Amino acid sequence: MVTEIKSLATERMSQLAMAKDNKFKLLYFPIHGVLTGLRAMFAMSGAEYTFVHPENWAVEKPTTPFGTMPVLYEITTSGETLELAELGAIEQYIAQKYGWFGDNLWENNLVKMYHSSSQSVFDKLVTTVVRAPKENYDQMMQIFKTSILPEWVHYHERALVGNGSNGHYVGDKLTLADIKTASIIDNFITLTGDSLISREKTPAIMAVYDNLEKHPKYAAWKASEAWKEYDRNNKKMVHM
């Protein structure tokens with residue numbers, strides 16, 4: 001389902017976006033897909049939100065900003081609707097709104113840097129492996145497991161050790177960078193077992209994972225029937 005949007009001046013939209021009591025609808029397929037981190041952020045935010053799914057994507061697609069999902073609809077208390085597309089933009093917006101960025105300009109850009117790197121390796125998993133033709137799947141999986149993922153593991157473990165192996169990328173607080181990495185780790189472990197990522201081989205990466213897993217609202221979201229339904233649907237649609 002796509003929400004009809006009326007044009008608002010950007011200054012007015014900025015004022016509306018600052019409110020913490022707005023309601024949200026997040027449009028995406030009824031699978032985890034690329035939304036494990038973003039849905040977790042909503043679950044931890046304390047905001048009022050609904051995860052909605054297209055009823056007829058072929059019909060609804062042209063009405064979205066770029067013909068892609070996710071799309072975020074933010075409904076203000078006065079009835080206006082703000083629309084935002086593109087995963088990275090939405091994640092950064094919600095992170096800014098609910099306090100998952102750094103404490104200054106430089107820290108904010110470090111968060112963006114680590115977040116971008118983790119999103120990039122996940123995107124490569126999707127484009128290289130998940131979308132591979134069946135006849136090329138094993139070959140593409142091997143490339144991901146022996147070349148693409150090990151490089152990401154090496155540099156991220158090094159960066160996290162450099163920050164004190166405290167379970168965070170930047171300083172000592174939970175940020176978007178932590179949420180992104182922690183929310184995609186299960187995908188990598190499913191693919192590679194403990195050959196690349198484990199508490200023995202990559203304790204700093206696993207500390208990020210463990211920190212998020214211990215968050216009460218995140219744990220409650222992962223235990224929910226909605227999360228489990230997305231998980232079941234996800235497994236039906238991909239090779240993993």
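In this predicted model, Glu-157 is a buried acidic residue without a salt bridge. The nearest side chain of opposite charge belongs to Arg-158, and it is 11 Å away. Glu-157 is part of helix α6, which covers residues 137–162. What does the side chain of Glu-157 lie close to, if not a charged partner? A polar atom of this side chain is placed 2.9 Å from the backbone nitrogen of Ile-205. Leaving aside residues up to four places away in sequence, Glu-157 touches Lys-201, Thr-202, Pro-203, Ala-204 and Ile-205.

Two of these neighbours, Ala-204 and Ile-205, are among the buried residues of helix α8, which runs from residue 203 to residue 213. Met-206, Ala-207, Val-208, Tyr-209 and Leu-212 are buried in α8 as well. Which helices do the buried residues of α8 pack against? They pack against α6, as well as α2 (36–45), α7 (176–192) and α9 (216–222). Glu-157 of α6 thus has its backbone partner, Ile-205, among the buried residues of α8.

A comparable case is found in helix α3, a stretch from residue 57 to residue 60 that includes Glu-60. Glu-60 is buried and has no salt bridge, the nearest side chain of opposite charge being that of Lys-25, 9.8 Å away. Which backbone atoms does the side chain of Glu-60 reach? One is the backbone nitrogen of Glu-55, which lies 2.8 Å from a polar atom of this side chain. Another is the backbone nitrogen of Asn-56, at 2.9 Å.

Lys-25 also leads to the strands, where it stands opposite Tyr-73 in β3. Strand β1 (residues 23–27) pairs with β3 in the antiparallel sense, over five bridges. On the other pairing, β3 and strand β4 (residues 81–85) are likewise antiparallel over five bridges. These two strands, β3 and β4, form a hairpin with five residues between them. Gly-79, in the turn of this hairpin, has a positive phi of about 100 degrees. Is β3 covered or open? It is mostly covered, with four of its five residues buried.

Glu-74 of β3 stands opposite Leu-82 in β4. Its side chain meets that of Lys-97 in a salt bridge, with an N to O distance of 2.9 Å. The pair links distant parts of the chain, since Glu-74 belongs to strand β3 (residues 71–75) and Lys-97 to helix α4 (residues 87–98), 23 residues apart. Are the two partners buried or exposed? Glu-74 counts as buried because its relative accessibility is 1%, and Lys-97 also counts as buried, at 8%. Glu-74 is thus a buried acidic residue that has a salt bridge, whereas Glu-157 and Glu-60 are buried without one.

How many salt bridges does the whole structure hold? A search finds ten. In another of them, the side chains of Glu-213 and Lys-222 meet at 3.0 Å, N to O. Glu-213 counts as partly exposed because its relative accessibility is 26%, while Lys-222, at 17%, counts as buried. Both residues belong to a network of salt bridges that also takes in Asp-186. A further salt bridge joins Arg-232 and Glu-225, whose closest N and O atoms are 2.5 Å apart. Here both partners are partly exposed, with relative accessible areas of 39% for Arg-232 and 48% for Glu-225.

Helix α5 completes the picture. It spans residues 105–130, which makes 26 residues. From its first C-alpha to its last, α5 reaches 36 Å, close to the 38 Å expected at 1.5 Å a residue. What caps the N-terminal end of α5? Asn-104 does, with a side-chain oxygen 3.1 Å from the backbone nitrogen of Trp-106.

Key: Residues are numbered from 1 along each chain as its sequence is written. This is a predicted model: local features need pLDDT of at least 70, side-chain atom pairs count only at pLDDT 80 or more; totals for chains, interfaces and linings use all residues. Side-chain values use heavy atoms; hydrogens and water are left out. Buried means under 20% relative accessible area, exposed over 50%, partly exposed in between (1.4 Å probe, protein chains only). Lys and Arg count as positive and Asp and Glu as negative; His and the chain ends are not counted. A salt bridge is a side-chain nitrogen of Lys or Arg within 4 Å of a carboxyl oxygen of Asp or Glu. A polar contact is a pair of N or O atoms within 3.5 Å; within protein, one must be able to donate a hydrogen and the other to accept it, and residues adjacent in sequence count only if both atoms are side-chain atoms. Contact means heavy atoms within 4.5 Å. The expected span of a helix is 1.5 Å times one less than its number of residues. Two strands pair if DSSP finds at least two bridges between them.
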